[in-house]
Amino acid sequence: MSNENTRQLLIVEDDLALQKQLKWSLDAFDAILASDGTSAVQQFRRHQPAVVTMDLGLPPDQDSVSEGFKLLERLLELEPATKVIVLTGQNDHANALRAIRLGAYDFLSKPVDPDVLSLTVERAFRLHELQEENRRLQRGQPNDALGGLLTRDPQMVKVCRMVERVAPSDATVLILGESGTGKEVLAQGLHAASRRSGKFVAINCAAIPEALLESELFGYEKGAFTGATKTTVGKIETAHGGTLMLDEIGDLPMALQAKLLRFLQERSIERLGGRGEIAVDVRVVGATHQDLQALIAEGRFREDLYYRLAEIVVEVPPLRERMGDAVLLAHAFVKRFASELRRPGLSLGEDAQAIIERWKWPGNVRELQNVIKRAVIMAEHERIAGSDLSIRGVQDDGRQPVNAELDLRLVRERAEREAVVKALARTDGNIVRAAELLGVSRPTLYDLMNRLQLK
């Protein structure tokens, strides 16, 4: 559940005067009102409050408790962690106990003392928060988006920090990056950091045939089409209270783009063959490797949908641009796959590390993972050699030490050579002006040129 919703309270009461009185006495909370079971379920699904107060006698049969118990069961079915406080008549002790057995948090007899009610609601919120925190700790979920992503690259760390800042809000997020860069890992991190109580649901818009994609997203009613033998909930409804990731959203057909735009505007859906609107509270995360601006220019992607999706845009750098991440991830993958294959002593050799650093990784992290998995399976010795890697474009040629990239003397010499050559080129060989550009004296520049054999 989003942090913004943890103090929202649903008051279900058909007596409008009493409803107004309850709201006034509970003004410390963000109260949402409902007067019957149907509106209560709609408000609950839309706002997903942590605490509910409700009367058992509800329309259309206020003299009976049947509607109240139906609503209690429905709310706890939608979200078992909800704290429901039942308000009963003075002589309704048996029904109060029945409500507790069904899962209600507490009951209070009417007329309710405002101070007692306020204290009970406050305690219910506090218990809900503690239980949510306990569940998070038991799941071992980290508080930040970096928990599922291994990196030391400054660019990537900045991306993760951005995801952490965005997570508590309900803003729609668009994640852009090449295939295999870890967009879904970031989306899962976003969901974990948001503490939304619902599921993380991902659907690949490019992997499902166009004819089936609409029913996968929005669901369908029984009899909506041939073969629809039962009502089926779509991915959007499944993600209610959680996060929906629309992967490869650039491949979404134009007809579905219009329907998705309507959902993002209205926050409600209509199943195929259905006639009623269903309110859905879901955080939407779009992801694609495509250039959506180019698709818009070609008329293949709606500009208004783009701006709905791109409230926050996160650009994930490719692996080749992440300083040191390729080898860092490779070590982690070796440990994981070696453990799975019961080869605990396996490690990466220096020549293999050098090749990993030099390869451009067009398939990004996904390609690296596949390469390492194969190497762990095929390696004959306890150290994975360069020859064990299924990379044909780069091999160690033996002309420089394997760790040449880390030799400060060689690194400094290359940097000095590059700077002097550029300065001389910009000044058309003028030594005085080149020395000024480099911030050194003319004799120092001459010494550099002699040492670097640039004369």
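This short presentation concerns the nonpolar cores and one helix of the structure shown above. Please bear in mind throughout that the model is predicted.

I begin with the largest nonpolar core, which has 32 residues. Within it, L217, I236, L246 and F263 touch the most other members. Several elements each supply at least two residues of this core: the strands β6 (173–176), β7 (200–204) and β8 (243–247), together with the helices α8 (210–218), α10 (254–266), α11 (292–297) and α12 (303–309). The largest share, five residues, comes from α10.

Let us look at one of these residues in detail. Which residues is I236 in contact with, leaving aside its neighbours within four places in sequence? They are L217, F218, L244, F263, I269, V280 and V282. Two of these partners, L217 and F263, were named a moment ago with I236 among the residues that touch the most other core members.

There is also a second, separate core, of 25 residues. Among its members are A338, L346, I372 and A375.

I turn now to helix α4, residues 93–102. Its buried residues are N95, A96 and A99. Viewed down the axis of α4, these buried residues fall within an arc of 105 degrees, and therefore they line one face of the helix. A94 and R101, on the other side of α4, are exposed.

What do the buried residues of α4 pack against? Their partners are the helix α3 (66–78) and two strands, β4 (83–88) and β5 (106–109). Finally, α4 is followed by G103, and the phi of G103 is positive, near 125 degrees.

Key
Residues are numbered from 1 along each chain as its sequence is written. This is a predicted model: local features need pLDDT of at least 70, side-chain atom pairs count only at pLDDT 80 or more; totals for chains, interfaces and linings use all residues. Side-chain values use heavy atoms; hydrogens and water are left out. A nonpolar core is a set of buried Ala, Val, Leu, Ile, Met, Phe, Trp, Tyr and Cys residues joined through side-chain atoms within 4.5 Å. Buried means under 20% relative accessible area, exposed over 50%, partly exposed in between (1.4 Å probe, protein chains only). Helices (H or I, at least four residues) and strands (E, at least two) are DSSP runs, numbered from the N terminus. Contact means heavy atoms within 4.5 Å. The arc is that of the directions from the helix axis to the C-beta atoms.
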